[in-house]
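Work through the exercises below with the sequence and the coordinates at hand, and try each task before reading its solution.

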Amino acid sequence: MSSDSSDPLYWMRVILASNRGTLMELGITPIVTSGMIMQLLAGANLIDVDFSLKDDRVLFSGAQKLFALIISLGQATVYVLTGLYGKPADLGAGVCLLLIIQLIVAALLVVLLDELLQKGYGLGSGINLFIATNICESIVWKAFSPTTVNVGRGAEFEGAIVALFHLVFTWSDPRRALREAFWRERLPNVMNLIATVVIFALVIYLQGFRIEIPVKSNRFRGQRGMYPVKLFYTSNMPIMLQSALTSNVFIVSQMLATRFPSNLLVKVLGVWEPMEGSPQLRATGGIAYYMSPPLTLRESILDPIHTAIYITFMLSACALFSKTWIEVSGSGPRDVAKQLKDQQMVMAGHREGSMYKELKRVIPTAAAFGGAILGLLSVAADLTGAIGSGTGILMAVTIIYGYWEIGMKESGGAEMGGLAELM
């Protein structure tokens, strides 16, 4: 049994919270897929659900979890029978059945853990927690992994910190050892780790940037508050949508390139070749190449056209997705104005009729600019080789910061609770 072949889902692992060759192979895919399909069926009135009734909500939730298990059965069967772990004929029917059962049981545990958080035994969303945990686990492992790998230079420790101490204490030339530990290629190095910490700190710093709009209550005289419009108004959603878009383009392009390698249109979409010393495929031409980041800072300097197109694509896509998301998610200026009006809140120093105009001036600008900043941070993380990829780091930081805010509200007592209710 092997999982050493090229991973077709490599680009989607971050947003699916999955790890290849582990029990988390399916990640949160069954939960997310079943939730989207059930919500779509309910929204299209193909199933009759009244969310104001407790019995209907319980029944809907149970059906969603059952559907997630059915999806996990289908996915596990496809993964095993399509040869993701080796040819089924070589593995044998017994091993194939055990693999499928393991993946279904793991998916069941993920569903139960998500249910645990939904019932109020924890903070936030189970899906966000799984994503952040998966990314942080990857960063910690690449920093402190004690396993040895061979990439053509003999056995080396995979973890950047472990390799640093090993090289310093075993090599006779300290300067050469430090140079190797800080700049070694094809394995995590200390500079990658430093870049990761810097990006983490920068995102946390930028999370504090916001415009606070003063509001007052028409219902309770003297009650005032602030409506915060953050720089990252749509949180990590732009980078998630951008990652989902590029991942799907890469998957389709790889499938077509494997099946029709000489087709001109397929080559325009993407040309794929194995990475040096790895079976994993990477784009070397076509649209997919310009949508993927340069692997190293040196590569970005040697191919400035690729770098310029990639940066432009990232900033434009994230800004566009961020601006679009506020309209479809109910967090646009019109929706916010309606929410404040329903709570009998008005902007201090403005007439009630001008509230929408003021919010329209601030919110779309914050959403687009914040999305572009997220795209720029993702590019910086990718070019500097930050561990966990730019998308992964941004998602992890925004999720963890969100948990910190939830924790502050939970521990802030009546004053914080009242302010949260006001907002």
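The exercises that follow concern a predicted model, and each is paired with a worked solution.

**Exercise 1.** Determine whether Leu 97 and Glu 115 are buried or exposed, and state where each residue is found.

*Solution.* Begin with the location: Leu 97 has its place in helix α5, which covers residues 93–121, and Glu 115 is found in helix α5 as well. Next, take the relative accessibility of Leu 97, which is 53%; because exposed means over 50%, Leu 97 counts as exposed. For Glu 115 the relative accessible area is 18%, and since buried means under 20%, Glu 115 is buried. Finally, look at the surroundings: when neighbours within four places in sequence are left aside, Glu 115 is in contact with Ser 61 and Lys 65, while Leu 97 helps to make a nonpolar surface patch of about 530 Å² together with Ile 101, Val 105, Leu 108, Leu 109 and Leu 112.

**Exercise 2.** Classify Ala 63 by its relative accessible area, and give the separation of its C-alpha atom from that of Gly 35.

*Solution.* Ala 63 lies in helix α3 (residues 54–81). Its relative accessible area is 34%, so Ala 63 is partly exposed. Its C-alpha atom is separated by 9.8 Å from that of Gly 35, although the two residues are 28 residues apart along the chain.

**Exercise 3.** Find which residues line the largest cavity.

*Solution.* The structure holds 3 cavities of 30 Å³ or more, and about 70 Å³ of space lies in the largest cavity. Its lining consists of Ile 31, Ser 34, Gln 64, Lys 65, Ala 68, Val 111, Asp 114 and Gln 118. The elements that give two or more residues to this lining are α2 (29–43), α3 and α5.

Note on methods:
Residues numbered from 1 in each chain as written. Predicted model: local features only at pLDDT ≥ 70, side-chain atom pairs only at ≥ 80, totals over all residues. Heavy atoms only, no water. Patch = residues over 30% accessible without salt bridge, like charges linked within 9 Å, V, L, I, M, F, W, Y side chains within 5 Å. Areas by Shrake-Rupley, 256 points an atom, 1.4 Å probe, with all protein chains shown as cover. Salt bridge = Lys/Arg side-chain N within 4 Å of Asp/Glu carboxyl O. Helix = DSSP H or I, 4+ residues; strand = E, 2+ residues; numbered from the N terminus. Buried < 20%, exposed > 50% of the residue type's maximum accessible area, 1.4 Å probe, protein only. Contact = heavy atoms within 4.5 Å. 1 Å grid on protein atoms, 1.4 Å probe; cavity = no way out; pocket = protein on both sides within 12 Å on 5 of 7 lines; lining within 4 Å. Points joined across faces, edges and corners; volume = space filled by probe spheres on them.
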